[in-house]
Structures are given as structure tokens and as C-alpha cells.
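Visitor: I would like to understand the labels people attach to a model like this one. Could you take me through the reasoning behind them?

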Amino acid sequence: MPAPVISPAERDYITQGIESDCRADGRNRLEYRQLVLETGTLSQTNGSARCRLGESDVLVGVKVEIGEIEQGQRDQGRIVCNVECSPSASQQFEGRGADDLNNSLTLSLDRLFSGPQSGLDLSKLCIVPGQQCWVIYVDAIVMDCAGNLFDCIVMAVRAALFDTRIPRTELHDLGDGEYEFEVVDDVEDAVAITGWDSLPISVTLYKIGDRYILDPTILEELSSDVTLTVGINKNGNTCGIQKGAGGSIEPSLLTEMIQTASMVGKSLIQQLDAKLIADDQAVQEKKMRGEPIQKLGFFAAVI
């Protein structure tokens, strides 16, 4: 299926609107579309979340399994990421049309969450040093694609990892360097991932003309000359930078874009974390009172 195209007249209209800080949908250059997020949407996983950013829609499930420790990582577990674009998300994804995008998104997600820049203490995932550990499998499925897809995926993954609970293990020393462990089946004893709040989000800026914007629509993406994706943690620190498309960015503008990403990302994380924690506390209080937990059909407004 051919890629979507945009006419010169549409591109000029979008560019002039951004120059005047008034986009086609009424937002300013640094304004997000409506963000909808809900955790605990999949019952057969260790953690899950669904994120809807504008019309972009992503569902993430997390499973934790016991695996062998990789060579060179004596006391660490690991995160394995995978992204799949549903053929129903876009006509471009029919057949094998999404293969390249799936690989690109998976690699970008893996770079953001699998290294020390993720902020996670992977040593907490170790069960038996040098032998076995917890492996966190993160699977994201794109159900609708309407712009700013990677940022939407990252927010969904971060929320799903917040929701993830890892079974508690009991380690027994048999002597002579031999160990055995037992997995406690009680879900009430499962624990959250240590350091989840240090996980970064991504802020992707799209340069259109001489300006840049956040959270573009599909037509705005088609009008952009170059993209800059910046990983930002809760302290506003930069965890990674990736340039996309074939255009160029002047050094002074590059510095400004990174500073903008840091400011926006730090504020967004504070809002997301406050809402996630508040919603989780409300659920726990209902459980203690024996009240039923009602999900809102994936439509729990965050911002």
C-alpha cells in the first residue's frame, strides 16, 4: 500500500499556521491532544495499560518469566520489547507493510528501556546470581495510528510497567555454592518493579519550516522536515536522543529543542505519575472495603 501523501497547498497551510502558532486543530505548537490512559486492562498479564493520544491508540501487556542470565550480566535481569502494528491501524500496515516500522519501533523502545539510561535497577530482577533471573517481556500493539506514535507507545509501556507486579521468590542456600528458589504464588505478595518512577518518557519534536511542534497529526508529520526524539526522566535529564528523517537542525535550534523536551517531559511525567498513583490508591482502597473494581472501558482521562 502506498504511503500517504500531502499536497503542496496542504503543506503550506500547515507551515503557515505553525509559524503563527495556530495549528489546524486549534492547538499551539507545544500543546498535546487529549491524552487517555488506563492500567490493568488485561487480566492475564502481570501488568498492562492502554494509551490513547488523540486518535493514536496503543495497548501494552507485560509478562514476567524466569530465564537464564545472559553472559556478562552476572546479577541482572532484562527487559525484552516488541512492537506490532495491527493491520487495522492503517492501510499501510496491511500484509507485510508494517514490518519495517515494527522493527524500527521495537529497536527504539529497546534502546530506551533496556540500558542503564532506563533508570531501572536490573539487579533487583536477579534470582540466583549467575544463573537465573526475571525477564520482563513488553509487548505493544498499535491499534490505531494517527500521529506521534512512538511517544504514545512509550507512555503506554511506562504505565504498564508501573502496573506490573513480580511474584516474590524465596531463595534457599544448599551450600557449596548451590541454591534453589521457590516462587510464591500468592498475588498479594507480588511486588512492583523497583525504580519504575525513574523510567523515561519520549518527547518527539517535529521541525516544520523554521519552527517545531509536539504531538503532530498525520498531516503535520508529513509536513515535517526532520524529527528529534528525546528521552527524558522525572528529573528532566536527557536519557537518549535520536534524529529522524533526512533534514538538518541548526546547532542553536537543536539546543533549544532539547531544552524544550526536558521542560515538557518533566512536567508530563509529574502529571502522569500523580494520576497513576492516585488511581492505584483508589483501587486498593476499594479492594480493602470489598467493593467491586470497575474499569472504564479504556477511557480513564489523565490530563
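Guide: Gladly. Let us begin with a term: a residue counts as buried when its relative accessible area is under 20%. The model is a predicted one, and by that cut-off buried residues make up 45% of the 303 residues in the chain.

Visitor: What makes the radius of gyration of the chain agree with that of a compact globule?

Guide: The rule takes 2.2 Å times the number of residues to the power 0.38. For 303 residues that gives a value near 19 Å, and the chain has 21 Å, so the two agree. Along the principal axes, the C-alpha trace spans about 75 × 50 × 40 Å.

Visitor: Which elements does the chain have?

Guide: There are five helices and 14 strands. Strand 13, residues 226–232, is a good one to look at.

Visitor: Why is strand 13 called mostly covered?

Guide: Buried means under 20% relative accessible area, and seven of the seven residues of strand 13 are buried, so the label fits. Val226, Leu228, Val230 and Ile232 point one way, while Thr227, Thr229 and Gly231 point the other way, and all of these are buried. In a regular strand, side chains alternate between the two faces of the sheet.

Visitor: How do you know that strand 13 pairs with strand 11 and with strand 14?

Guide: Pairing needs at least two bridges. Strand 11 (residues 201–208) is joined to strand 13 by seven, and strand 14 (residues 238–244) is joined to strand 13 by six, so both count as pairs by that cut-off. Both pairings are antiparallel. Glycine 231 of strand 13 stands opposite serine 202 and also opposite glycine 240 in strand 14. The hairpin of strands 13 and 14 has five residues between the strands, and glycine 236 takes a positive phi near 80 degrees there.

Visitor: And the helices: which residues of helix 3 meet helix 5?

Guide: Met155, Arg158, Ala159 and Phe162 do, and their partners in helix 5 include Leu268, Leu272, Asp273 and Ile277. The residues of this contact divide into eight nonpolar, no polar and three charged. Helix 3 (residues 149–163) and helix 5 (residues 251–289) pack at an angle of about 35 degrees, with their axes 11 Å apart.

Visitor: What makes the crossing of helix 3 and helix 5 right-handed?

Guide: A crossing gets that name if the near helix is turned clockwise from the far one by less than a right angle. The angle here is about 35 degrees, and the crossing is right-handed, so the near helix is turned clockwise from the far one.

Terms used. Residues numbered from 1 in each chain as written. Predicted model: local features only at pLDDT ≥ 70, side-chain atom pairs only at ≥ 80, totals over all residues. Heavy atoms only, no water. Axes fitted to C-alpha atoms, helices over the stretch in contact; angles between N-to-C directions. Helix = DSSP H or I, 4+ residues; strand = E, 2+ residues; numbered from the N terminus. Contact = heavy atoms within 4.5 Å. Nonpolar A, V, L, I, M, F, W, Y, C, P; charged D, E, K, R; others polar. Buried < 20%, exposed > 50% of the residue type's maximum accessible area, 1.4 Å probe, protein only.
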